[in-house]
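Student: I am new to this structure and would like a close look at one part of it. Could you walk me through the sheets of chain B and what surrounds them?

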Amino acid sequence: MIAGRVWKFGDDVNTDVIFPGRYTYEPMSDEAMGKYALEDADSAFNQEAKPGDIIIAGKNWGCGSSREQAAKCLKERGVAAVIAKGFARIFYRNALNEGLLILVCSEADQIAQEGESISVDTERCIIRSVHGEYRFQPYPAYVQGLVEAGGLIPYTIQRLREREGEK
Amino acid sequence: MGKTFAEKVLGRAAGHEVSAGEIVIVRPDFCVSHENGAAVVKTFRKFGVPSVFDPSRIVLVMDHTVPAATAGNANSQKTVRDFTHEQGITHYYDLNSCGGVCHQIMVQEGYALPGCIVLGTDSHTCTSGAAGAFAVGIGRSEMASVWAVGDIWLRVPETIKIVLKGSFRPGVSAKDLILRIVGDLRADGADYKSVEFHGDAADRLCLAERMTLCNMGIEMGAKNAVFKPSEEVLVHARARAKKEDWEVLWADEDAVYCREFVYQLEDIVPGLACPHTVDNYATVREHIGMPVDQVFIGACTNGRLEDLRLAAQVLRGRHVAVRTIIVPASCEIYRKALDDGILAELMDAGCVISHPGCGPCAGVMGGILADGEVCVSTANRNFKGRMGNRESFIYLASPLTAACTALNGALSDPTEWAKEARI
């Protein structure tokens with residue numbers, strides 16, 4: 001169970017505003033990335049977001065560049081989950097790989113107003129707010145192994161060990 | 001039932017017949033990274049394996065931050081350079097006369113080959129579909145995993161068929177068409193989908209035009225975008241191929257598509273993507289006369305010899321009214337444009353010729369805008385802050401629109417110029 005305060009965004013929030021290009025090609029630690037999260041998205045989020053907060057967005061969250069920092073900076077900032085009507089393909093993979101919780105909910109825009117608190121029951125795939133209960137889609141079966149391993153790095157290490165065992 | 005291009009390529013790679021929706025694990029033919037290869041290296045080290053799965057399948061191209069603008073850029077490049085020596089990776093393009101933007105290099109140097117699978121840590125990897133490859137953008141940790149394990153899981157995508165008919169009117173080009181298509185399908189219109197270009201007009205488009213169209217497939221969310229290889233593409237592939245075992249794969253006549261669109265090229269007019277999204281389509285006519293502060297002609301979208309030649313035809317013997325930055329997509333193109341006198345004509349017209357790379361388009365160097373400034377750009381993205389300043393405004397357009405605009409210092413319609421020039 002996850003509970004947190006909501007930040008709301010619209011449709012097609014792109015990776016350039018989630019993690020601006022002017023920082024993308026500078027080497028930095030993972031922890032440092034959190035500071036730049038959503039800096040160009042016209043929101044108070046960048047200044048005020050706290051660990052445990054939840055993002056609710058419209059369709060196609062994370063469109064644009066393949067930059068993994070867009071998923072990583074949210075994870076490092078402590079975002080507990082991103083709930084959206086849909087995610088762009090590369091962001092979706094990057095988020096799963098980084099272990100950032102992303103939930104697809106067709107009614108995402110109706111769940112809550114900005115600043116309200118919501119809870120997410122990840123076992124039963126239900127989001128609760130003062131406005132009601134909303135279902136989100138469980139992860140597809142083919143990414144369960146990746147999610148259960150905690151992201152791509154532990155998953156790949158696991159696969160390499162299995163392969164070593166087969167020899 | 002017939003198969004789409006994606007089903008054929010992924011089925012062959014998986015070793016069995018596949019259909020849209022299935023998950024396959026495949027071994028890529030080539031894997032390309034740029035400076036973010038430094039981050040790939042960092043993650044690769046965490047896997048504890050001494051060597052990459054196959055050094056001959058890895059391509060590294062320094063393009064986003066060359067020549068280095070900061071010590072951080074230089075250190076990232078050094079990390080990649082050292083890694084190529086350590087791992088025996090010979091497909092390496094540094095800041096030298098062979099380099100360029102990675103997507104240009106992939107096609108130009110024969111890595112993007114018909115029927116091959118290309119993975120790249122850049123969203124515009126889909127450009128390689130112009131050469132008939134199945135080319136897909138991925139994240140950098142994902143690439144590190146591929147380097148270690150040698151394979152990747154991919155969902156076989158559903159496919160959108162876009163049929164192109166007829167011929168462009170004078171002054172209209174492939175860029176105007178793709179801006180219109182992205183405007184129609186919107187930023188998520190092809191999410192998770194493969195895009196195939198069909199039709200008599202598609203068959204006639206040259207490689208440069210195909211690259212412009214495939215390059216912007218990602219701007220509607222596409223996983224990949226692809227053309228059936230033409231004779232020009234095959235001649236190029238045979239001359240430059242970096243591997244021997246490739247063959248043309250293409251969709252069956254009775255393949256099943258999730259959506260179909262038909263475009264009559266005579267209906268396409270000079271177009272724009274207005275700030276701050278690529279699907280914010282407008283015609284040039286709607287904004288004609290808008291004052292402009294800077295023009296940028298280049299990038300992996302429109303930095304090819306054909307594009308520079310068009311710009312030079314407009315600007316020859318005349319003088320630009322605003323700052324105009326030209327960035328050839330590769331050193332080979334730069335050299336040819338030099339030999340053909342194109343660069344001299346552009347310089348005489350007052351343009352600045354920058355070195356090949358991603359600088360202005362990625363907002364890292366070589367053309368960052370001031371607060372409130374407007375740029376007409378031939379690149380592929382106009383997101384807020386894209387060119388390094390969130391207080392600026394980017395309009396995407398064709399090289400001809402950009403060149404005519406440079407001449408007047410205000411947004412201009414190239415069809416008028418084309419009528420006079422009889423092009």
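Tutor: Here is a walk through two sheets of chain B, followed by some of their surroundings.

Please keep in mind that this is a predicted model. Let us begin with the sheet of 5 strands, an open one whose order is S4-S3-S2-S5-S6 in chain B, with parallel pairing. At its edges stand strand S4 (92-93) and strand S6 (134-137) of chain B; each has a single partner strand, so one side of each is left without a neighbour in the sheet.

Now follow the pairing across this sheet. Strand S2 (residues 30-33) and strand S5 (residues 117-120) of chain B run parallel and are joined by 3 bridges. One place to look is B:Phe30, whose bridge partner in S5(B) is B:Val118. S5(B) also pairs with S6(B), again in the parallel sense, over 4 bridges. Here B:Leu119 has B:Val136 of S6(B) as its bridge partner.

Although S6(B) stands at an edge, both of its faces are covered. B:Phe134 and B:Val136 are buried on one side, while B:Ala135 and B:Gly137 are buried on the other.

From here, turn to B:Arg140, which lies in helix H5 (residues 140-149) of chain B. Is B:Arg140 buried or exposed? B:Arg140 has 26 other C-beta atoms within 10 Å, and a residue counts as buried at 20 or more, so B:Arg140 is buried. Leaving aside neighbours within four places in sequence, its contacts are A:Glu68 from chain A together with B:Asn36, B:Ala39, B:Val40, B:Thr43 and B:Thr121.

That contact with A:Glu68 brings us to the meeting of the two chains. Chain A brings 33 residues to the contact and chain B brings 44 residues. On the side of chain A that touches chain B, the elements giving two or more residues are helix H1 (15-18), helix H2 (21-24), helix H6 (89-98) and helix H8 (152-166) of chain A. The residues on that side of chain A comprise 12 nonpolar, 10 polar and 11 charged.

Next comes the other sheet. This open sheet of 4 strands follows the order S10-S9-S8-S11 in chain B, and its pairing is parallel. Strand S10 (224-227) and strand S11 (259-264) of chain B are the edge strands, each pairing on one side only. From one strand to the next, the twist averages 20°. Strand S9 (residues 194-198) of chain B runs parallel to S10(B), and 4 bridges join them. Within this pair of strands, B:Glu196 stands opposite B:Val226 in S10(B).

A helix packs on this sheet: helix H1 (residues 5-14) of chain B touches strand S8 (159-165), S9 and S10 of chain B, and its direction makes about 120° with that of S9(B). Of the 10 residues of H1(B), 7 are buried, so this helix is largely enclosed by the rest of the structure. The buried residues are B:Phe5, B:Ala6, B:Glu7, B:Lys8, B:Val9, B:Leu10 and B:Ala13. Just after H1(B), B:Gly15 takes a positive phi of about 85°.

Let us widen the view to the interior. In soluble globular proteins, nonpolar side chains tend to be buried together. The largest nonpolar core in this model has 199 residues, and A:Val82, A:Ile83, B:Val118, B:Leu315 and B:Ala403 have the most contacts inside it. You have already met B:Val118 as the bridge partner of B:Phe30. The element giving the most to this core is helix H6 (residues 174-185) of chain B, with 7 residues. As for B:Ala403, it touches B:Ile297, B:Leu310, B:Ala311, B:Val314 and B:Leu315, not counting residues up to four places away in sequence.

One last helix shows two contrasting sides. In helix H16 (residues 414-421) of chain B, B:Pro414, B:Thr415, B:Trp417 and B:Ala418 are buried. They cover an arc of only 160° around the axis, which puts them on the same side of H16(B). The buried residues of H16(B) pack against helix H11 (305-315) and helix H15 (399-408) of chain B. On the face turned away from the buried side, H16(B) carries the exposed residues B:Lys419 and B:Glu420. To relate this helix to where we were earlier, the C-alpha atoms of B:Arg140 and B:Glu420 are separated by 49 Å, with their positions 280 residues apart along the chain.

Conventions
Residues are numbered from 1 along each chain as its sequence is written. Chains are lettered from A and ligands numbered from 1 in the order in which they are written. This is a predicted model: local features need pLDDT of at least 70, side-chain atom pairs count only at pLDDT 80 or more; totals for chains, interfaces and linings use all residues. Two strands pair if DSSP finds at least two bridges between them. Axes are lines fitted to C-alpha atoms, for helices over the stretch in contact, and angles run from 0 to 180 degrees between N-to-C directions. Two residues are in contact if their C-beta atoms, placed from the backbone, lie within 7 Å. Ala, Val, Leu, Ile, Met, Phe, Trp, Tyr, Cys and Pro count as nonpolar, Asp, Glu, Lys and Arg as charged, and the others, Gly among them, as polar. A nonpolar core is a set of buried Ala, Val, Leu, Ile, Met, Phe, Trp, Tyr and Cys residues joined through C-beta atoms within 7 Å. A residue is buried if 20 or more other C-beta atoms lie within 10 Å of its own, exposed if 12 or fewer, and partly exposed in between; C-beta atoms are placed from the backbone. The arc is that of the directions from the helix axis to the C-beta atoms.
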